[in-house]
Amino acid sequence: MATLKEGDKAPDFTAKDQNGKTVSLADYKGKNVILYFYPKDDTPGCTAESCSFRDNYQSLLSKGFEVIGVSTDDEKSHKKFETKYSLPFTLIADNDQQIVEAYGVWAEKNMYGKKYMGTVRTTFIIDGNGVISHIISKVDTQNSSQQVLDLVK
């Protein structure tokens, strides 16, 4: 598993979004990207996090950011999630765990004594040159967009 740090080049990826369109990080060259990894569509924490980005989307755009959400759910699940909560940004389907592995956020988790592999909620802020400028590993799901805005004032 990769261990990325601020100042590292963000791993490129190519995958399908909620509309079946192929998307690469390289498509965003020259733009600042908020790449947020979340465990599962339509769960309470992930919904709060995604809606925080939705509610502040215009502020983020005005500061030059693009928002991309990534989970291991499939395109169909992402489309339902996007539609249900009117999410205005790209959701990447990482079915084969290639992206979560590349970013080092696929790890063993423990819930109620049961161990399993899953996505560790993490947000990467990537500059226009594809370099990771910030990593938020303690994501406040209710205020995830504000955490980003506080870092990039």
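These are my notes on one aspartate and two pockets in a predicted model.

**Entry 1: D73**

I started with where D73 sits. I found D73 in the loop between β4 (65–71) and α3 (75–85).

Next I asked: is D73 buried or exposed? Its relative accessibility came out at 9%, so D73 counts as buried, because the cut-off for buried is under 20%.

Then I looked up what the side chain of D73 pairs with. I got a polar contact of 3.0 Å with the side chain of K40. I also got a polar contact of 3.0 Å with the side chain of S71.

For the wider surroundings, I left aside neighbours within four places in sequence. D73 is then in contact with P39, K40, D41, H78, A93, D94 and N95.

**Entry 2: the second largest pocket**

I moved on to pockets, and K40 turned up again: it is one of the residues lining the second largest pocket, and so is P39. The others I wrote down are T43, G45, C46, K109, M111, Y116, G118, T119 and R121. Two or more lining residues come from each of α1 (44–55), β6 (106–111) and β7 (114–119).

Which element gives the most to this lining? I found that β7 does, with 3 residues. By class, I noted 4 nonpolar, 4 polar and 3 charged residues. The space in this pocket is about 150 Å³.

**Entry 3: the largest pocket**

Last, I checked the largest pocket, which holds about 180 Å³ of space. How many residues line the largest pocket? I got 14, with K9, L25, A26, N129 and G130 nearest its centre. That lining has 6 nonpolar, 3 polar and 5 charged residues.

Methods
Residues numbered from 1 in each chain as written. Predicted model: local features only at pLDDT ≥ 70, side-chain atom pairs only at ≥ 80, totals over all residues. Heavy atoms only, no water. Helix = DSSP H or I, 4+ residues; strand = E, 2+ residues; numbered from the N terminus. Buried < 20%, exposed > 50% of the residue type's maximum accessible area, 1.4 Å probe, protein only. Polar contact = N/O pair within 3.5 Å; in protein donor to acceptor, adjacent residues only side chain to side chain. Contact = heavy atoms within 4.5 Å. 1 Å grid on protein atoms, 1.4 Å probe; cavity = no way out; pocket = protein on both sides within 12 Å on 5 of 7 lines; lining within 4 Å. Points joined across faces, edges and corners; volume = space filled by probe spheres on them. Nonpolar A, V, L, I, M, F, W, Y, C, P; charged D, E, K, R; others polar.
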